[in-house]
Amino acid sequence: MVMNDVENRISLIFQKFNENFPFLKLEFINEGKKKTFLSKKIKLSSVQPSSNIDMDGSRTVAELEQDFENLFQIPIQVFRKAGSTWVETSLTHDWTLEQQNREGELFSSSAR
């Protein structure tokens, strides 16, 4: 899945990502003195000219996070569902998005 981000708001990117990876979520973060989450209504076009983000399942979390940093200068983190909570994937950032999603599905179904 490749998206042209100039025409999309962050919330649309989140929606498309969640359609493909329902057990993962993206959070755009502001890493100032205090880590805060940025509004999903910010237009990416106001941050960076047109560019494409490849969110294919074979890509790793690290690759996706690096693309957002390079293209938009906005750091993101990928979180994985673990039962009723969300966990950072920083220790498994070398896993593919598909691996992360499967793991989230396993943890969520075993927590029921």
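Let's start with Thr 96 and what it touches. Leaving aside the neighbours within four places in sequence, Thr 96 is in contact with Gly 57, Ser 58, Arg 59 and Thr 60. On the chain, Thr 96 sits in the loop between S6 and H3. Is Thr 96 buried or exposed? Its relative accessibility is 19%, and buried means under 20%, so Thr 96 counts as buried.

Before we go further, please keep in mind that this is a predicted model. We'll come back to how confident the predictor was.

Now, one of the contacts of Thr 96 is Arg 59, so let's follow that residue, because Arg 59 is buried too, at 14% relative accessibility. Which residues are linked with Arg 59 in a network of salt bridges? They are Glu 63 and Asp 67. Take Asp 67 to begin with: in its salt bridge with Arg 59, the closest N and O atoms are 2.7 Å apart. For Glu 63 and Arg 59, the closest N and O atoms are 3.9 Å apart. The cut-off for a salt bridge is within 4 Å, so this pair still counts. Glu 63 itself is partly exposed, with a relative accessible area of 37%.

How many salt bridges does the structure hold? There are 3. Besides the network, we have Lys 25 and Glu 27, whose side chains meet in a salt bridge at 3.5 Å, N to O. Have a look at the two partners in your viewer. Lys 25 is partly exposed, at 23% relative accessibility, whereas Glu 27 is buried, at 11%.

Next, let's go to helix H3, which covers residues 97-110 and includes Arg 102. Arg 102 is partly exposed, with a relative accessibility of 44%. Here is something to try on your screen: find Arg 102 and Leu 24. They are 78 residues apart along the chain, yet their C-alpha atoms are separated by 9.5 Å.

Finally, back to confidence, as promised. The mean pLDDT of the protein is 79, and 68% of its residues reach 70 or more. Which element has the lowest mean pLDDT, and which the highest? Strand S1, residues 2-4, has the lowest, at 52. Strand S6, residues 85-88, has the highest, at 94. Where pLDDT is low, the predicted coordinates should not be read in detail.

So, as you turn the model around, try starting at Thr 96, step across to its contact Arg 59, and then trace the salt bridges from Arg 59 to Glu 63 and to Asp 67. Thanks, everyone!

Key: Residues numbered from 1 in each chain as written. Predicted model: local features only at pLDDT ≥ 70, side-chain atom pairs only at ≥ 80, totals over all residues. Heavy atoms only, no water. Buried < 20%, exposed > 50% of the residue type's maximum accessible area, 1.4 Å probe, protein only. pLDDT = per-residue confidence, 0-100. Helix = DSSP H or I, 4+ residues; strand = E, 2+ residues; numbered from the N terminus. Contact = heavy atoms within 4.5 Å.
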